[in-house]
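Biologist: I would like to learn how to read a model like this one, feature by feature. Could you walk me through it?

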Amino acid sequence: MNKDKMKINTGIGIPSMLIIFVILAMCVISLVSYLTAVNNKTAVEREYSYVLGYYKAEENNLYELSLSEGDMSVKSEIVNGTYLVCERVNGTINYSIVEE
């Protein structure tokens, strides 16, 4: 009767390999998560500096336009070669963004 029963002895090898695989998978997932967070932080900082520069340039341009009369154009740098151009034509102020 004992001869008919099959005994499977897993030993220590299979559980050890499974633990190693699980740890490696968790490390890869955490590394991908970290890199995604760093990328998002960089994108948010870039967007923040762009928006802040835009509003500072707009404030500067509108101030300069308010000091003068007639049609004119004022250009202020937003961020690294990107400029906000404000033009007053016939009393209407037009905005445009120019990259150089």
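Biologist: Where should I begin, and what is the mean pLDDT of the chain?

Modeller: Begin with confidence, since this is a predicted model. The chain has a mean pLDDT of 85, and 94% of its residues reach 70 or more. Element by element, α1 has the highest mean, 90, while β1 has the lowest, 82.

Biologist: Let's take the strands next. How many bridges join β1 to β2?

Modeller: Look at the direction of the strands along with the count. β1 and β2 run antiparallel and are joined by seven bridges. One place to see this is methionine 72, which stands opposite arginine 88 in β2.

Biologist: And in which sense do β2 and β3 pair?

Modeller: In the antiparallel sense, over eight bridges, with β3 covering residues 92-99. Two facing pairs help you line up these strands: threonine 82 is opposite glutamate 99 in β3, and glutamate 87 has asparagine 94 as its bridge partner.

Biologist: What should I look for in the turns?

Modeller: Check the backbone angles there. The hairpin of β1 and β2 has two residues between the strands, and asparagine 80 lies in that turn. Its phi is near 35 degrees, a positive value in a residue other than glycine. The β2 and β3 hairpin also has two residues between its strands, and there asparagine 90 takes a positive phi near 55 degrees.

Biologist: Is asparagine 80 buried or exposed?

Modeller: Asparagine 80 has a relative accessible area of 73%, so it is exposed. Remember its place, in the loop between β1 and β2.

Biologist: How about arginine 88, buried or exposed?

Modeller: Buried means under 20% relative accessible area. Arginine 88 has 14%, so it counts as buried. This residue is in strand β2. Setting aside neighbours within four places in sequence, arginine 88 has contacts that include Leu65, Ser66, Glu69, Asp71, Met72 and Ile93.

Biologist: What is the general idea behind a nonpolar core?

Modeller: In soluble globular proteins, nonpolar side chains tend to be buried together. Here the largest nonpolar core has seven residues: Tyr54, Ala57, Leu65, Val74, Ile78, Leu84 and Cys86. Three elements, α1 (13-67), β1 (72-79) and β2 (82-89), each supply at least two of these residues. The most come from α1, which gives three.

Biologist: Which residues is isoleucine 78 in contact with?

Modeller: Leaving out neighbours within four places in sequence, isoleucine 78 touches Tyr50, Gly53, Tyr54, Ala57, Tyr83 and Leu84. Among these contacts is Gly53, a residue of helix α1. Glycine 53 is buried, because its relative accessibility is 11%.

Biologist: Can sequence spacing be set against distance in space for that glycine too? How far apart are the C-alpha atoms of glycine 53 and isoleucine 23?

Modeller: They are separated by 45 Å, with their positions 30 residues apart along the chain. For another example, take asparagine 94 and serine 73: 21 residues apart in sequence, they are 9.3 Å apart in space, C-alpha to C-alpha.

Biologist: What else can be said of asparagine 94?

Modeller: Asparagine 94 is in strand β3. At 36% relative accessible area, this asparagine is partly exposed. Beyond its neighbours within four places in sequence, asparagine 94 is in contact with Val85, Cys86 and Glu87.

Biologist: Now the rings, please. How do I read an aromatic pair?

Modeller: A pair of aromatic rings is described by the distance of the centres and the angle of the planes. The count here comes to one aromatic pair. The ring centres of tyrosine 54 and tyrosine 55 are 5.4 Å apart and the planes are at 85 degrees, so this pair is edge-to-face. Tyrosine 55 is exposed, with a relative accessible area of 52%, whereas Tyr54 belongs to the largest nonpolar core.

Biologist: Which residue lies over the face of tyrosine 83?

Modeller: Lysine 75 does, at 4.6 Å from the ring centre. You can then go back to isoleucine 78, which has Tyr83 among its contacts.

Technical notes. Residues numbered from 1 in each chain as written. Predicted model: local features only at pLDDT ≥ 70, side-chain atom pairs only at ≥ 80, totals over all residues. Heavy atoms only, no water. Core = buried A, V, L, I, M, F, W, Y, C linked by side-chain atoms within 4.5 Å. Buried < 20%, exposed > 50% of the residue type's maximum accessible area, 1.4 Å probe, protein only. Helix = DSSP H or I, 4+ residues; strand = E, 2+ residues; numbered from the N terminus. Contact = heavy atoms within 4.5 Å. Phe/Tyr/Trp six-rings, centres within 6.5 Å; stacked < 30°, edge-to-face > 60°. Lys NZ or Arg CZ within 6 Å of the ring centre and 35° of its normal. pLDDT = per-residue confidence, 0-100. Pairing = 2+ DSSP bridges.
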